[in-house]
Amino acid sequence: MKKGFVFDLDGVITDTAKFHYIAWKNLAAELGITINETFNETLKGISRMDSLEKILAYGHKENDFTTEEKEALAQKKNEEYVKLLADLSEKDLLPGVHNFLVQAKERSIPCAIASASKNAPMILEKLGVLDFFGHIVDPETLKKGKPDPEIFVKAAESIKIESKDAIGFEDAQAGIEGIKAAGMYAVGISETENLAGADLQVASMTELSVEKLLTV
Ligand code: G6P
Ligand code: MG
């Protein structure tokens, strides 16, 4: 029997990718770089600073800014992103998420968040689901980002279960790779992408039952 769940946030619990996209697109435009939705896919699961580095490299401007300037650019992007989240509420939970969390709680199955987002606690609070999670891994404490398994291993430890007893949920390829490298069972959630290496892929969490998943 599996004993706990580890969730990515963006694209699994709520769809913030569109807001990240608007904020990055606007910042990139100010720097004379045009990004599109295909490029935005490659930013999913990637930390704020790594995303900025990728955008600068894409625009051949990777050597144009000092560390301090890059920090200011990342902060500017985040300020716009946070403004775009002002109206986020329970209605923005992805389909099936609330029901799944309630089912897990009824069975006393611990849940943790493994997201690269430093905004995760604020977002979960706005969505009204903060209390369902025993722990949110602080991305500041990580040495490596996804696809490294570190964040998933830390998430399992934080809810006191072994990685082999955990099920991880992800919408991004880098995340699925991290979950598998941590030795967990991986559930991919995506309607459009084929998530290679996932043990199970569904279009949304409405397709999942906690009881059935625990026996995989
Ligand atoms: C998630 C998103 C990424 C984002 C990262 C950092 O992994 O999928 O697109 O860049 O979090 O988010 P933050 O809220 O800290 O800028
Ligand atoms: Mg994601």
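In this predicted model, the cavity count comes to 1 at a threshold of 30 Å³ or more. The largest cavity holds about 340 Å³ of space. Its lining comprises 24 residues. Those nearest the cavity centre are Asp10, His20, Leu43, Gly45 and Ile46.

This space is not left unclaimed in the model. Ligand 1 takes up the largest cavity. The ligand is surrounded by 14 residues. Ile46, Arg48, Ser117, Lys118 and Asn119 are the closest of these. Ile46 thus appears twice, among the residues nearest the cavity centre and among those closest to ligand 1.

The shell around ligand 1 is mixed in character, with 4 nonpolar, 6 polar and 4 charged residues. Two domains contribute to the shell. Domain 1 spans 4-15 + 89-213, and domain 2 spans 17-84. Each supplies at least three residues.

Polar contacts were then examined at a cut-off of 3.5 Å. Ile46 contributes a polar backbone atom, placed 2.6 Å from an oxygen atom of ligand 1. Ser117 instead uses its side chain, with a polar atom 2.6 Å from a ligand oxygen. For Lys118, a backbone N or O atom lies 2.7 Å from an oxygen atom of ligand 1. Taken alone, ligand 1 exposes 390 Å², and the protein buries 97% of that area.

Terms used:
Residues are numbered from 1 along each chain as its sequence is written. Chains are lettered from A and ligands numbered from 1 in the order in which they are written. This is a predicted model: local features need pLDDT of at least 70, side-chain atom pairs count only at pLDDT 80 or more; totals for chains, interfaces and linings use all residues. Side-chain values use heavy atoms; hydrogens and water are left out. A residue is near a molecule or strand if one of its heavy atoms lies within 4 Å of it. A polar contact is a pair of N or O atoms within 3.5 Å; within protein, one must be able to donate a hydrogen and the other to accept it, and residues adjacent in sequence count only if both atoms are side-chain atoms. Accessible areas come from the Shrake-Rupley method with a 1.4 Å probe; for residues, only the protein chains shown count as cover. On a 1 Å grid over the protein atoms alone, a cavity is a set of points where a 1.4 Å probe fits but cannot get out, and a pocket is an open set with protein on both sides within 12 Å along at least five of seven lines; lining residues have an atom within 4 Å of a point. A molecule sits in a cavity or pocket if more than half of its atoms lie within 2 Å of its grid points. Ala, Val, Leu, Ile, Met, Phe, Trp, Tyr, Cys and Pro count as nonpolar, Asp, Glu, Lys and Arg as charged, and the others, Gly among them, as polar. Domain bounds come from an automatic or database domain assignment. Grid points are joined across faces, edges and corners, and a volume is the space filled by probe spheres set on the points.
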